[in-house]
Amino acid sequence: MRIFIMRHGEAQHFAPSDAERPLTAQGKMYSRQMAKQLASHLDEQLDLVWVSPYLRAQQTWQAMSEELPVPKTLMTVDDITPYGDASQVADYLKAVIALEKPKTVLLVSHLPLVGYLSAELVPGLQPLMFRTSSIAAVDFHPEGEPSALLWQENPVEAVQPNHH
């Protein structure tokens, strides 16, 4: 099965609280771009999507959802905020996978959790660096054989035209 770990899109720096920081226009654009890339890796099926309750993660999923199959289960998960405990999240995720046997899971979350979670799921992996809208794919084996990092993709930066 595949676990896709994604960092939310680029967010504005100023808001009443960290949880309320909205995406920038570029953050929405790159999240859509990454959704198209993700769709090319999916077999027309997205079983389980977990999204952080923070506004920027919710908006990332909204931007992506237009390009992706409708997930069987979509959940806002309070444990996957920036300060979530990666080992607890990994244990919770593994328990849900054992029970529901999804083929594909997408988490839309934050640094530093996304980096630590990738390391929790893949033995011997150093925590990955995630740029905004970056996605890592883990080939996960619930039966206990080691999981592996398949790929990590970043949005392709749009080239700014030169103004003369």
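## Strand β5 and its partners

Strands β5 and β6 (residues 148–153) run antiparallel and are joined by five bridges. One of the pairings sets I135 opposite E153, its bridge partner in β6. The model described here is a predicted one.

Strand β5 also pairs with strand β1 (residues 2–7), again in the antiparallel sense and over five bridges. Two residues of β1 show how the strands line up: R2 has D139 as its bridge partner in β5, and M6 has I135. I135 therefore appears in both pairings, with E153 of β6 as one bridge partner and M6 of β1 as another.

## Burial of β5

Strand β5 spans residues 135–139, and five of its five residues are buried, so the strand is largely enclosed by the rest of the structure. In a regular strand, side chains alternate between the two faces of the sheet. In β5, I135, A137 and D139 lie on one side, and A136 and V138 lie on the other. Both of these faces are covered, with the residues on each side buried.

## Strand β1

Strand β1 is joined to strand β4 (residues 104–109) by six bridges, and these two strands run parallel. Among the bridge partners, R7 is matched with S109 of β4. Strand β1 thus has a parallel pairing with β4 and an antiparallel pairing with β5.

Five of the six residues of β1 are buried, so this strand too is largely enclosed by the rest of the structure. R2 is partly exposed, because its relative accessibility is 31%.

## Salt bridge between β1 and β5

The structure holds four salt bridges. In one of them, the side chains of R2 and D139 meet, with an N to O distance of 2.8 Å. R2 lies in strand β1 and D139 in strand β5, so the salt bridge ties together parts that are 137 residues apart in sequence. R2 and D139 are thus joined by a side-chain contact as well as being bridge partners in the pairing of their strands.

The two ends of this salt bridge differ in burial class. R2, at 31% relative accessibility, counts as partly exposed, whereas D139 has a relative accessible area of 17% and is therefore buried. The cut-off for buried is under 20%.

## The network around D18

D18, R21 and R56 are linked in a network of salt bridges. The side chains of D18 and R21 meet at 3.0 Å, N to O. D18 also forms a salt bridge with R56, where the closest N and O atoms are 3.3 Å apart. R56 lies in helix α2 (residues 55–65) and D18 in the loop between β1 and α1 (25–41), so this pair ties together parts that are 38 residues apart in sequence.

Burial varies across the network. R56 is buried, with a relative accessible area of 3%. R21 is also buried, with a relative accessible area of 18%. D18, with a value of 28%, is partly exposed.

## A negative surface patch

On the surface, D78, D79, D85, D91 and E120 gather in a patch of negative charge. One of these residues, E120, is placed in helix α4 (residues 113–121). E120 counts as partly exposed because its relative accessibility is 37%. A residue must have over 30% relative accessible area and no salt bridge to belong to such a patch.

Technical notes
Residues are numbered from 1 along each chain as its sequence is written. This is a predicted model: local features need pLDDT of at least 70, side-chain atom pairs count only at pLDDT 80 or more; totals for chains, interfaces and linings use all residues. Side-chain values use heavy atoms; hydrogens and water are left out. Patches are made of residues with over 30% relative accessible area and no salt bridge: like charges are joined within 9 Å, nonpolar side chains (Val, Leu, Ile, Met, Phe, Trp, Tyr) within 5 Å. Accessible areas come from the Shrake-Rupley method with a 1.4 Å probe; for residues, only the protein chains shown count as cover. Lys and Arg count as positive and Asp and Glu as negative; His and the chain ends are not counted. The place of a charge is taken as NZ of Lys, CZ of Arg, CG of Asp or CD of Glu. Helices (H or I, at least four residues) and strands (E, at least two) are DSSP runs, numbered from the N terminus. Buried means under 20% relative accessible area, exposed over 50%, partly exposed in between (1.4 Å probe, protein chains only). Two strands pair if DSSP finds at least two bridges between them.
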